[in-house]
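Please work through the exercises below with the sequence and the model at hand. Each task is followed by a solution in steps.

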Amino acid sequence: MNPTLNVSRGAKYSRMLGVGGYRPRRVVDNAEIITYIDSSDEWIRTRSGITERRWASDDETVSMMSQAAARKAMERAGVEPGQIDTVIVSTVTHLHQTPAIATTIASELGAKNAAAFDISAACAGFCYGTAMADSFIRTGASKYVLVIGVERLSDLTDKHDRSTAFIFADGAGAAVIGPSDTPAIGPVVWGSDGDQADLIVQNEPWTTAMDGSAHDDGEPHWPSLRMNGNPVFKWASYTMAKTAAEAMDAAGVRPEDLEVFVPHQANMRITDAMFKALKLPAGVVVARDIARTGNTSAASIPLAIEALLESGEAHSGQTALIIGFGAGLVYAGQVILLP
Ligand code: COA
């Protein structure tokens with residue numbers, strides 16, 4: 001007869017205990033962008049809401065930015081590196097297929113022997129990571145989880161491509177998630193739509209870049225991101241508003257209960273459209289970090305949360321809806337209490 005297995009049991013609830021961010025030093029304004037593409041400051045501001053973004057310098061690597069963000073998150077959470085037992089890094093711009101960047105980040109931070117792995121869930125990555133952390137803590141697989149969203153999208157952006165050059169940017173955001181006596185992370189509503197995988201893609205595989213061949217103009221192959229912006233815009237504005245409403249329903253939170261709204265920072269007009277579709281009250285604080293940060297994919301939500309907390313626009317303990325969506329297509333949203 002088979003023995004009855006012990007199963008792990010964890011905390012009743014989990015909570016985001018601290019967030020931290022890292023913004024690269026170099027500020028790239030729209031005046032610089034329009035030296036690369038045929039556009040204007042006015043078009044970029046009115047169509048996307050972006051006035052400037054950050055592009056990483058050589059020393060601001062995926063690992064360096066992640067560690068800087070993570071140290072701030074751990075300090076604010078009051079959690080020592082040695083207490084972190086799980087590190088999840090969401091990124092699509094760690095340019096080595098293996099090993100995962102999470103293992104060296106864990107090691108260099110001092111989270112020795114932590115379970116560590118990368119996930120590829122594009123702009124939904126921080127919310128995917130938060131959902132996993134919540135589950136791991138409640139099953140007992142983990143106690144303190146470090147979730148990092150980090151991108152150097154400038155490495156994969158063709159700065160002469162009119163549809164992406166002004167949008168994508170670099171940065172890192174991190175959160176420490178740990179046990180809680182009271183509910184502070186609601187159920188995740190997540191999913192994917194692979195039928196629309198071709199809307200945001202890396203235009204060629206690394207194998208093409210490595211074969212030494214060149215484009216007609218003599219430039220060596222280097223993959224870059226391509227986006228069919230308009231269908232993505234419509235999908236994000238309408239379908240994602242429904243997902244956000246489902247996440248609020250799942251948590252038992254009505255629009256009038258919500259205090260803060262932090263959607264993935266993809267486009268200011270998408271944020272406005274979602275706000276309207278969700279019928280959120282005018283007093284809800286809305287993250288508009290895209291104006292100075294651009295679209296940093298997996299990093300955008302923790303960076304935006306940090307900005308709201310640092311500016312005093314939002315406060316610890318407030319009820320916030322977070323939702324990420326992007327290449328895949330993938331999406332995930334949940335209601336949380338702010339750290
Ligand atoms: N500068 C100036 N004009 C531009 C331009 C640029 N960089 N890019 C496109 N245009 C022009 C087009 O040629 C078109 O001109 P036309 O009307 O004369 O034909 C016009 O602007 C509208 O183009 P369109 O692609 O329909 O613009 P849009 O309103 O959809 O805005 C985006 C473009 C990219 C800002 C928008 O589609 C978007 O934000 N999409 C979602 C992006 C996103 O969220 N991506 C990541 C998901 S994680």
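The exercises concern a predicted model and treat its ligand site and then its backbone geometry.

**Exercise 1. Describe the surroundings of the ligand: how many residues surround the ligand, and which are the closest?**

Solution.
- Step 1. The shell around the ligand comprises 23 residues.
- Step 2. The closest of these are S39, R47, R162, N230 and N267.
- Step 3. Sorted by class, the shell holds 12 nonpolar, seven polar and four charged residues.

**Exercise 2. Trace the shell back to the fold: which secondary-structure elements each supply at least two residues of the shell, and which gives the most?**

Solution.
- Step 1. Three helices and one strand meet the criterion of at least two residues each: α2 (41-48), α7 (229-251), α8 (268-277) and β13 (319-326).
- Step 2. Helix α7 gives the most, with four residues.
- Step 3. At the level of domains, domain 1 (13-180) and domain 2 (189-337) each provide at least three residues of the shell.

**Exercise 3. Determine the polar contacts that N230, N267 and R269 make with the ligand, and state how far the protein buries the ligand.**

Solution.
- Step 1. The cut-off for a polar contact is a pair of N or O atoms within 3.5 Å.
- Step 2. For N230, a polar side-chain atom is 2.7 Å from a ligand oxygen atom, within the cut-off of 3.5 Å.
- Step 3. For N267, the distance from a polar side-chain atom to an oxygen atom of the ligand is 2.6 Å.
- Step 4. For R269, the corresponding distance to a ligand oxygen atom is 3.0 Å.
- Step 5. The ligand taken alone exposes 950 Å², of which the protein buries 71%.
- Step 6. As to location, the ligand sits in the largest pocket.

**Exercise 4. Locate the cis peptide bonds that precede P99 and L329: in which loops do P99 and L329 lie?**

Solution.
- Step 1. T98 and P99 are joined by a cis peptide bond with omega of about 0°.
- Step 2. P99 belongs to the loop between β4 (86-90) and α4 (101-109).
- Step 3. The bond from G328 to L329 is also cis, and its omega is near -15°.
- Step 4. L329 lies in the loop between β13 and β14 (330-337); strand β13 is also among the elements that supply at least two shell residues.

**Exercise 5. Examine the backbone of K279: what is its phi, and where is K279 placed?**

Solution.
- Step 1. K279 is not a glycine, yet its phi is positive, at about 55°.
- Step 2. K279 is found in the loop between α8 and β12 (285-286).
- Step 3. Helix α8 itself supplies at least two residues of the shell around the ligand.

Methods: Residues numbered from 1 in each chain as written. Predicted model: local features only at pLDDT ≥ 70, side-chain atom pairs only at ≥ 80, totals over all residues. Heavy atoms only, no water. Near = heavy atom within 4 Å. Polar contact = N/O pair within 3.5 Å; in protein donor to acceptor, adjacent residues only side chain to side chain. Areas by Shrake-Rupley, 256 points an atom, 1.4 Å probe, with all protein chains shown as cover. 1 Å grid on protein atoms, 1.4 Å probe; cavity = no way out; pocket = protein on both sides within 12 Å on 5 of 7 lines; lining within 4 Å. Sits in = over half its atoms within 2 Å of the grid points. Nonpolar A, V, L, I, M, F, W, Y, C, P; charged D, E, K, R; others polar. Domains from an automatic or database assignment.
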